[in-house]
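Colleague: Could you take me through one part of this model, the sheet in chain B and the helices around it? I'd like the cut-offs spelled out as you go.

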Amino acid sequence: MIRLPHVALIALLPLELLANPELDDMFSAEDAFLDELPVILSATRLTQPLNESPVAMTVIDREMIDASGARTIPDLLRLVPGFQVGYYDGNSPVATYHGHSNEHSKRVQVMVDGRSVYVPSLAGIPWQDMVVSVDDIDRIEVTRGPNASTYGNNSFSGVVNIFTRHAIEDQGHKITAITGSKDTTDAYYRFGSQLGNLDYRVTVGTKNDDGTDFLNDYTEADYLSYRLDYQIDTDNHLSYQGGLKDILKGDHEPVPDHEIDVAYAFQWLKWEHQISDKQSLSLQYYYNYHDQKEFIKTVTIPDTPFGPFTIDGFSLDSTLNIKSERHDLEFNHHYDGDILRLVSGLSARLDIVDANDVFDEDGEQHNNLYRAFTHGEYTITDSWLFNAGLMIENNDISGTDVSPRVAVIHKLNDKHSFRIGASRATRTPVLWEEHANYRLSQTLTNDGTGTLDPAIQTFLGGTDVLTNQFVISSGNLESEEITSYELGYIAQLLNKKLTLDFKLFKDETDNLIGVVEDVFAPDDNYDVAFGGESSPIADDWQNSFRTEMEGLETSFNYQHSKDFRVYGYYAYIDIQAEMFNPLARTHDIRRFTVSAPTNSYGLMLIKHWQNNLHTSLSYFRVGDMDWMDRTGSTGFDYEDRSAQAYNKLDLNISKIYKYGTEKLKISLTLQNLIEDFYDYNKTRYEADNTTVYFSPDSSISPYGSLQDTRAYLELTYLFN
Amino acid sequence: MNVFHVNNRRLIHTPICTYQPHILYRVVFLLLFLLCCLVAQSAFADNKTILIISASNNTFTKSIAASIARTLDEHKFSYTEKYIAADTNPPDIDLDQHSLIIALNSKTTDFVLQHSKKAPVFSLLVSQQSYEILKQKYNRKNWSTLLLDQPYQRHLFLIDALFDKKHKIGTILGPYSLKQKNSLIDSASGNQQSLSIENIEITDQLISTLKDLINKTDVLLAVPDPVAFNKNTIRGILLLTYRKGIPVIGFSKSYVKAGAVAAIYSEAEQITRQTFNIISLFLKSDHFTQALYHPDDFSVATNNNVAHTLGIKLKPENKLKQLIKIKEDAK
């Protein structure tokens with residue numbers, strides 16, 4: 001054998017061809033065969049098959065989102081069995097799972113691309129403030145049940161996982177304008193493009209409406225959001241998102257200038273690294289900023305005689321300004337083996353809340369949180385799966401919480417599978433519950449002297465500041481707990497065209513935090529001096545209740561063809577409540593028991609016709625229920641903030657015209673076609689259902705958030 | 001003159017003389033002998049061996065080059081390897097002095113065809129589209145090509161083997177693959193398969209076209225085309241189809257790693273084996289039996305994780321290959 005010098009780079013010969021674009025294309029044609037490609041559908045992007053999920057799950061996909069014509073995310077959650085959706089007012093939608101909610105949705109967790117949007121100050125989900133355009137959502141995966149072992153604390157009754165689309169899925173320009181009832185004027189512009197390995201999308205929009213008929217609940221919102229996806233190389237991917245939103249909204253009460261100004265912003269950065277075919281890791285950081293300035297009312301006190309003195313009148317603007325910030329860093333490791341799939345991670349979070357006259361300390365307050373978690377699936381045999389998870393979490397408010405989850409899934413065959421599972425989760429008390437000291441204060445003067453006479457100061461307890469405390473937390477709250485047991489059955493029939501989902505459940509909650517009225521308010525010098533009380537009093541938060549929920553949820557999805565689909569569900573729930581704290585309000589027991597409708601069901605029909613005509617019909621029936629924060633305990637106790645049984649029928653018709661690569665979409669959405677109803681705030685009406693009954697108690701809103709027939713017209717133009 | 005001999009051993013036949021030659025004969029013989037030696041020397045100096053030439057740094061291309069070199073070693077062929085890099089001066093070798101040039105990929109082939117006049121050329125790692133362009137550019141007789149592309153029918157057989165029932169197949173053709181539209185349609189109709197084809201002219205049209213296409217198809221067949229299916233468009237293709245529950249059939253192993261449910265591809269050993277068979281025949285007969293070859297052997301790769309989440313129960317890769325072979329043999 002004669003082997004001439006073997007050198008891969010033995011000679012450098014000319015390639016004048018490089019300047020030839022046609023041949024460059026040739027080269028890339030072959031690159032397509034030979035290139036190493038990144039893992040696009042990595043373990044983090046794959047969705048678990050419904051029949052292998054350890055907990056009951058509902059997925060609202062893009063087709064359902066389009067078909068619903070929904071303008072808000074909570075409206076989409078009407079499609080989830082066991083969820084309750086209501087409008088506290090026109091700009092404050094609320095969604096909860098299995099009741100137990102006031103206007104703040106504090107017992108469900110909401111994640112947007114892995115970013116918790118739970119606000120740590122007053123608690124809950126700022127549905128209307130989130131910088132997520134419904135149009136940018138790819139799908140919503142709703143875990144119907146606690147899942148703290150995966151998503152952490154506050155994943156209490158359920159978890160709403162919102163996934164926005166990868167930037168590459170939105171290429172070109174999109175302009176949308178929506179007009180309709182309640183002076184609705186929405187518009188947004190989206191642009192997406194690609195620069196080599198970088199895909200990006202920018203959305204700017206405005207959202208405006210007058211809210212509902214009787215309330216001061218208008219919305220004026222402007223927002224900007226963006227997403228960048230950068231495939232660094234075959235093994236590394238970087239995602240970056242950001243957004244900001246400015247919202248001005250009327251605050252429910254029909255008081256002039258009573259409004260809320262919210263600034264919301266976030267930044268989110270995630271690096272994903274593919275270690276091997278079976279292993280990957282990710283590092284994620286996000287920052288949430290929520291600044292709420294709420295002008296409540298102006299308190300005007302005229303000159304008031306006080307013995308020989310006259311206390312000078314004053315005018316006090318009652319405001320509630322709370323700024324919340326969150327820094328969160330999370331590390332995840334994914335192992336995706338043949339029989340074992342495992343996700344493990346660590347995270348650290350810092351919540352900062354800054355407010356005056358709201359908490360027991362003015363200025364910034366911090367809550368540190370650390371978590372370690374693991375959850376995985378072990379394939380015992382082809383027909384048996386074992387699923388388990390554990391989260392250990394430590395935070396400054398409630399100390400250490402442990403949240404385990406376990407489930408066994410038996411796949412009888414390709415068509416039928418059964419699931420039995422148990423899960424435990426906790427909800428950490430929020431600062432408002434642990435450290436509330438909500439008060440109004442005013443420095444008094446008398447007789448125009450600019451000071452307050454010592455005699456009056458003595459009467460006020462040795463101070464010239466008049467203070468009225470409304471809420472004062474005694475603190476030392478325990479985390480709320482929930483233990484959930486479920487039996488599930490999934491059937492995939494008719495060549496997988498029909499999917500049936502059944503869930504029998506029993507949930508037990510403990511340490512639920514409730515209001516204790518009339519506790520001693522040490523800094524209050526208003527109640528006795530001017531309020532006619534025998535002692536200074538305020539409300540407190542204390543662990544007070546436990547509840548037990550049992551019920552059944554079932555849903556079906558029938559995909560007859562790509563052109564016709566029917567989805568429906570039914571939910572039954574029975575809630576029993578018990579008060580173990582004798583100081584709590586006894587009527588709250590009933591509030592818990594009726595905080596979800598006993599029966600509710602819904603149906604959605606989607607039909608795609610020829611010539612790009614699309615129609616959908618959605619029907620929902622929701623039984624009687626009351627929200628937890630309905631006001632007062634007087635005669636009309638159960639009338640306010642309730643939702644008497646209602647039927648909701650929505651229709652969406654859209655037509656798409658194509659001109660080459662350009663598209664024009666015209667869409668008409670009609671809502672509430674059967675009847676007008678109140679899904680949250682119900683005012684007592686007279687028998688003729690027309691006359692508003694004005695409450696003699698000014699603290700009770702005399703109006704309701706009427707959900708009447710509405711029509712929206714949407715025009716969308718897409719072009720490259 | 002082709003002076004290449006197996007094992008590079010030059011067989012020089014020395015006359016056997018049974019008589020004492022005349023001195024003049026001796027001189028003539030000596031001169032002839034010297035002439036032969038000179039010719040032989042010249043032949044060695046011309047280095048008339050197989051040339052393996054490549055213009056790609058691609059890992060797979062390198063592995064193919066190494067694999068071919070190894071095989072030539074094993075069979076005691078003489079060869080030279082050259083890597084052609086960009087921005088250099090004119091060729092420092094005479095390509096025509098080689099008995100056979102093995103050109104790896106289309107760019108190398110273009111270079112070789114441009115700078116050689118008569119040396120036989122065997123190209124591999126060349127796509128069908130590149131081949132069509134090269135064919136138009138050069139009217140070369142002693143040139144044969146082993147394509148990277150698997151026959152369309154093979155992909156369609158794979159789809160049949162993957163799914164129990166007939167699926168509506170969709171694909172997008174760019175300007176480079178458009179020429180193969182009829183061939184694709186014929187293959188699908190011959191296999192009683194429903195096929196929807198969308199055309200795009202520029203990459204910017206891909207996403208919107210794909211969004212429409214996946215609403216009316218059950219499976220997407222990726223077809224090599226630098227405008228439609230490349231490393232920058234694969235992200236959108238795989239994500240969009242996955243969201244709609246549409247499996248993608250790729251044309252390389254990397255596609256499967258990235259998220260395609262299955263792909264047919266040829267491994268380095270399979271390409272090398274076929275290459276060696278072709279050039280062995282050539283070296284025996286001094287001509288190529290075919291101008292164009294498709295890969296005769298192939299492998300099937302599947303992505304169990306993606307298939308699993310899409311609710312597709314996959315057959316083992318060997319079984320899929322076997323089913324395809326049965327269909328191919330039946331044709």
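Modeller: Here is a walk through that sheet, its helices and a loop beside them, with a short look at chain A at the end. Bear in mind that this is a predicted model, where local features need pLDDT of at least 70, side-chain atom pairs count only at pLDDT 80 or more, and totals for chains, interfaces and linings use all residues. Residues are numbered from 1 along each chain as its sequence is written, with chains lettered from A and ligands numbered from 1 in the order in which they are written.

Let's start with the sheet. In chain B, six strands make an open sheet with parallel pairing, in the order S2-S1-S3-S4-S5-S11. Strands here are DSSP runs of E with at least two residues, helices are runs of H or I with at least four, and both are numbered from the N terminus; two strands pair if DSSP finds at least two bridges between them. The edges belong to S2 (79-83) and S11 (292-293) of chain B, each of which has a single partner strand, so one side of each has no neighbour in the sheet. S2(B) runs parallel to S1 (residues 50-54) of chain B, and five bridges join them. Within that pair, Ile50(B) sits opposite Tyr79(B).

Now the helices on the sheet. H3 (residues 106-115) of chain B packs there, touching S1, S3 (100-104), S4 (121-126) and S5 (143-147) of chain B, and its direction makes about 155 degrees with that of S4(B). H10 (residues 268-285) of chain B also packs on the sheet, touching S3, S4, S5 and S11 of chain B, at about 160 degrees to the direction of S5(B). Contact means C-beta atoms, placed from the backbone, within 7 Å. The axes are lines fitted to C-alpha atoms, for helices over the stretch in contact, and angles run from 0 to 180 degrees between N-to-C directions.

H10(B) has a helix partner too: H2 (residues 59-74) of chain B packs against H10(B) at about 45 degrees, with the axes 9 Å apart. That makes the pair oblique, the class left over once under 35 degrees is roughly parallel, over 145 roughly antiparallel and 65 to 115 roughly perpendicular. On the H2(B) side, the contact includes Phe60(B), Ile64(B) and Ile68(B), while H10(B) brings in, among them, Ile271(B), Thr272(B) and Phe276(B).

The loop between S3 and H3 of chain B holds Asn105(B). Phi of Asn105(B) is near 85 degrees, positive in a residue other than glycine. Asn105(B) counts as buried because it has 28 C-beta neighbours inside 10 Å; buried takes 20 or more other C-beta atoms within 10 Å, exposed 12 or fewer, and partly exposed lies in between, with C-beta atoms placed from the backbone.

Elsewhere in chain B, nine of the 11 residues of H5 (residues 152-162) are buried, so that helix is largely enclosed by the rest of the structure. Tyr152(B), His155(B) and Phe157(B) are among them.

Chain A gives you a comparison for that loop residue. Asp357(A) lies in the loop between S18 (340-355) and S19 (363-381) of chain A. Phi of Asp357(A) is near 65 degrees, again positive in a residue other than glycine. Asp357(A) counts as partly exposed because it has 17 C-beta neighbours inside 10 Å.

Conventions:
Contact = placed C-beta atoms within 7 Å.
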